[in-house]
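Colleague: I have this one open on my screen. Can you walk me through it?
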Amino acid sequence: MLHVLIVSYTGSEEDAAPFVRDHVGYLERHHADGVFLVSGQTVPSSEGGAIVARGVDRETIERISAEDPFVVNGVATHSITTIEPGRVLPALARALSAQTASQG
């Protein structure tokens, strides 16, 4: 399963600024544990960001999402779309199957 998290600011980008350091730590922690594959700001950055996650069920990604310092401090929300990949670039398929094997 993959999850696409859309991070939307509830106010301005400046409202989120005091929480950026903690948010980056949150991203780094979940990249290091292999759950977050990709994260980045939208273009334009004033809209928020996006995260692609893998290897956890819907309940777990909802819990992880709720722990984002942006969400905890009310400066952003996450919408989550869960997908079951059908067609995948071969190099990405290998990476996804390696993750599944390491969690099994």
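Modeller: Before I name any strand: helices (H or I, at least four residues) and strands (E, at least two) are DSSP runs, numbered from the N terminus. On that basis Gly 49 lies in strand β3. Keep in mind that this is a predicted model.

Colleague: OK, stay with Gly 49 for a moment. Is Gly 49 buried or exposed?

Modeller: Gly 49 is buried, because its relative accessibility is 5% and the cut-off for buried is under 20%.

Colleague: What is Gly 49 in contact with, leaving aside its neighbours within four places in sequence?

Modeller: Two stretches of sequence. There are contacts from Gly 49 to Leu 5, Ile 6 and Val 7, and also to Gly 40, Gln 41 and Thr 42. For Ile 6, the C-alpha atoms are 6.1 Å apart, although 43 residues separate the pair in sequence.

Colleague: Let me back up. How many helices and strands does the chain have?

Modeller: Five helices and four strands. In sequence order they run β-α-α-β-β-α-α-β-α. The chain is as compact as a globular protein of its length, because its radius of gyration is 14 Å and the globule rule gives a close 13 Å for 104 residues.

Colleague: And what does the C-alpha trace span along its principal axes?

Modeller: About 40 × 25 × 20 Å.

Colleague: What share of the contacts is long-range, say 24 or more positions apart?

Modeller: Counting contacts with a separation of 6 or more, 71% are between residues 24 or more positions apart. As for burial, 30% of the 104 residues count as buried.

Colleague: On to the core. Which residues have the most contacts inside the largest nonpolar one?

Modeller: Val 35, Phe 36, Ile 61 and Phe 70, in a core of 17 residues. At least two residues of this core come from each of β1 (2-9), α2 (20-32), β3 (48-54), α3 (58-66) and β4 (76-83). The largest share is that of β1, with three residues.

Colleague: Phe 70, then. What does Phe 70 touch, not counting residues up to four places away in sequence?

Modeller: On the N-terminal side of the sequence, the list is Val 7, Tyr 9, Ala 16, Phe 19, Val 20 and His 23; Phe 70 also touches Val 75 and Ala 76.

Colleague: Where is Ala 76 placed?

Modeller: In strand β4. Ala 76 is buried, with a relative accessible area of 3%. Apart from residues up to four places away, Ala 76 touches Val 7, Ser 8, Tyr 9 and Thr 10, together with Phe 70 and Val 71. From Ala 76 to Glu 13 the C-alpha distance is 9.5 Å, with their positions 63 residues apart in sequence.

Colleague: Now the loops. Where is Asn 73?

Modeller: Asn 73 is in the loop between α4 (69-72) and β4. Asn 73 is partly exposed, at 38% relative accessible area. The C-alpha of Asn 73 is 10 Å from that of Asp 15, and the two are 58 residues apart along the chain.

Colleague: Which peptide bond is the cis one?

Modeller: The one from Val 43 to Pro 44, where omega is near 5°. Pro 44 is in the loop between β2 (36-41) and β3.

Colleague: Last topic, the surface and charges. How many positive and negative side chains are there?

Modeller: The chain has 7 positive and 13 negative side chains, and 10 Å lies between the centres of the two sets. The accessible surface is about 6,100 Å², with 56% of that area belonging to carbon and sulfur atoms.

Notes:
Residues numbered from 1 in each chain as written. Predicted model: local features only at pLDDT ≥ 70, side-chain atom pairs only at ≥ 80, totals over all residues. Heavy atoms only, no water. Rg over C-alpha atoms; globule rule 2.2 N^0.38 Å. Buried < 20%, exposed > 50% of the residue type's maximum accessible area, 1.4 Å probe, protein only. Contact = heavy atoms within 4.5 Å. Areas by Shrake-Rupley, 256 points an atom, 1.4 Å probe, with all protein chains shown as cover. Lys, Arg positive; Asp, Glu negative; His and termini not counted. Charge placed at Lys NZ, Arg CZ, Asp CG, Glu CD. Core = buried A, V, L, I, M, F, W, Y, C linked by side-chain atoms within 4.5 Å.
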